[in-house]
Every structure is written in C-alpha cells, then in structure tokens.
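Before we accept the labels attached to a structure, it helps to ask what each label rests on. Here is the case we will go through, question by question.

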Amino acid sequence: PTALDAGNVQTHSSGIVTPFDVFFGGVFEPSIGTLLGNVSSCDDCTEEVTLSFPFAFLNEPATTSVFVSSNGFVSIGGDNGDGCCTGDPSQLVNDPFPRVAGLWSDLFTADYGGPANVFFNDFGNRAVFTWQNVDTCCTQGADITFQIQLFDFGGIQITYNGVNFGGGGAGNRTYLGGISPGGGVSDPGEIDLSATIPFSSGAQS
C-alpha cells in the first residue's frame, strides 16, 4: 500500500494567514537541482541552505536561511534539529522555529538497495526541496518521493510523487505532513490525506 491510502499520514497546519499559504498536491517539479551532501546517504542529519530570495513564513520575519532534515521537513530561520525518530505534532507546534513537514518520520536517505537522496533547486522566486526514493530506518523496501516548495510570496506547496511503504514494517510508522510557526501555537487537528488531496488551507477561525 501507499502512505496515502494507508490512512496513517497526519497533517497539521496552524497560524495560516493568507488564502494560499499551504497547498497539498499540485505538479511535481522535475528539475530537482543539486544534491545536498550532508542529508543524503545519511540517517538523522540536517543541512543549512541559503535561499536567493527572502522567505516570510506566515507573520515571521523574512529569512534566507533554511535547515533541511533527512527526516522529511525543513525548518525556517533556525534549526529545529533532525526530528528523530517520528513525526511529532507536539514538536511541530512547540519547537522554537517554523517548520514545513512534507512527510516527517524516521526516514533513511542511505538507501538499502539503491540511490536515496535529498536535492535542492532555487529558481529565484521559489525553492524546491526533494526527497527522492528515500527509505525508512531501520526497515527495507520503502520507496518515498516528495517535494516541499517555498515561494517568494510566502506560499508553500507539498507534493508527493510515489509513497510506497513496501515491506519491513514501514507502513506501521507515523508520518506527519503540515506546517507550524512553532513557539507553542494551538494544534488544529489532523486531516486524512487519502480523502482530501489536493487541498489548500486558509486562515484559522
């Protein structure tokens, strides 16, 4: 089964302030760019990248600093760590820096049977982070590909291009997708992606 029809992907978003701040779905960007060496072929690693444009997450100050975790998320303007070893809604809303989680779990970019890497491409008005053919630790057989895109107007897009758990127990894990500014904001609850993709999120009421 895939992650989306297994029904165990949680998505949380909080503090949304504009009509297109976060969108799950859309077109997968084929130009994935440059290999990020520190978070590729690695377990529980982070790597800082610098955007060519300032990105303002919700009401936070604009920044060009993004920290990429091998475990399926990016932190904006500061490092929330690698997030080992599962997607945690409490950490999502309480950690100090904003986070965009594409598929936060105990991912493994040092693939057991083939290439599994994280890539970065900067188009000047949007930045694309791609987790390509990653596995889960410490099982074998998962094949997971997804992207996080950050736009210069503050928009965020999360797109999946093949989420196959395979065997080895990967389908029994918790995977979290969503965004939060952190700092103790409220958790608006979860959404079943298998029933809702594509969807966009608006302001909290």
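**Labels and the values behind them**

Me: Before we start, what kind of model is this?
Reply: It is a predicted model, and every value discussed below was computed from it.

Me: Why is the pair of Trp131 and Phe146 called stacked?
Reply: The ring centres of Trp131 and Phe146 lie 4.8 Å apart with 10° between the planes; since a pair needs centres within 6.5 Å and a stacked one needs planes under 30 degrees apart, the label stacked follows. The count of aromatic pairs comes to 5.

Me: What makes this pair a link between distant parts of the chain?
Reply: Trp131 belongs to strand 10 (residues 126-136) and Phe146 to strand 11 (residues 143-151), and the two are 15 residues apart. Both Trp131 and Phe146 are buried, and ring pairs join them with Tyr160 into a cluster.

Me: How do you know that a charge sits over the ring of Phe73?
Reply: Arg99 lies over the face of Phe73 at 4.5 Å from the ring centre, and because the distance cut-off is 6 Å, that value qualifies. Arg126 is likewise placed over the face of Phe123, at 4.2 Å from the ring centre.

Me: Why is the link between Cys42 and Cys45 called a disulfide?
Reply: The sulfur atoms of Cys42 and Cys45 are 1.5 Å apart, and a disulfide requires them to be within 2.5 Å, so the pair counts as one. Cys84 and Cys85 also form a disulfide, again with 1.5 Å between their sulfur atoms, and the count of disulfides comes to 2.

Me: Are the cysteines of these disulfides buried or partly exposed, and why?
Reply: Cys42 has a relative accessible area of 10% and Cys45 one of 17%; buried means under 20%, so Cys42 and Cys45 both receive that label. Cys84 at 34% and Cys85 at 38% fall between 20% and 50%, and therefore they are partly exposed.

Me: What else sets the step from Cys84 to Cys85 apart?
Reply: The peptide bond from Cys84 to Cys85 is cis, with omega near 10°, and Cys85 is found in the loop between strand 6 (73-76) and helix 2 (89-94). Most peptide bonds are trans, which is why a cis bond deserves a remark.

Me: What makes the phi of Asp44 worth noting?
Reply: Phi of Asp44 is near 60°, a positive value in a residue other than glycine, and Asp44 sits in the loop between strand 3 (34-35) and strand 4 (46-55). Most residues other than glycine have a negative phi. Asn133, which lies in strand 10, also has a positive phi, near 55°.

Me: Why is strand 13 called mostly covered?
Reply: In strand 13 (residues 175-180), 6 of its 6 residues are buried. Both faces are covered, with Tyr175, Gly177 and Ile179 on one side and Leu176, Gly178 and Ser180 on the other.

Me: How do you know that strand 7 pairs with strand 13?
Reply: Strand 7 (residues 99-104) and strand 13 run antiparallel and are joined by 4 bridges; at least two are required, so the two strands count as paired. Within this pairing, Arg99 stands opposite Ser180.

Note on methods
Residues numbered from 1 in each chain as written. Predicted model: local features only at pLDDT ≥ 70, side-chain atom pairs only at ≥ 80, totals over all residues. Heavy atoms only, no water. Phe/Tyr/Trp six-rings, centres within 6.5 Å; stacked < 30°, edge-to-face > 60°. Buried < 20%, exposed > 50% of the residue type's maximum accessible area, 1.4 Å probe, protein only. Lys NZ or Arg CZ within 6 Å of the ring centre and 35° of its normal.
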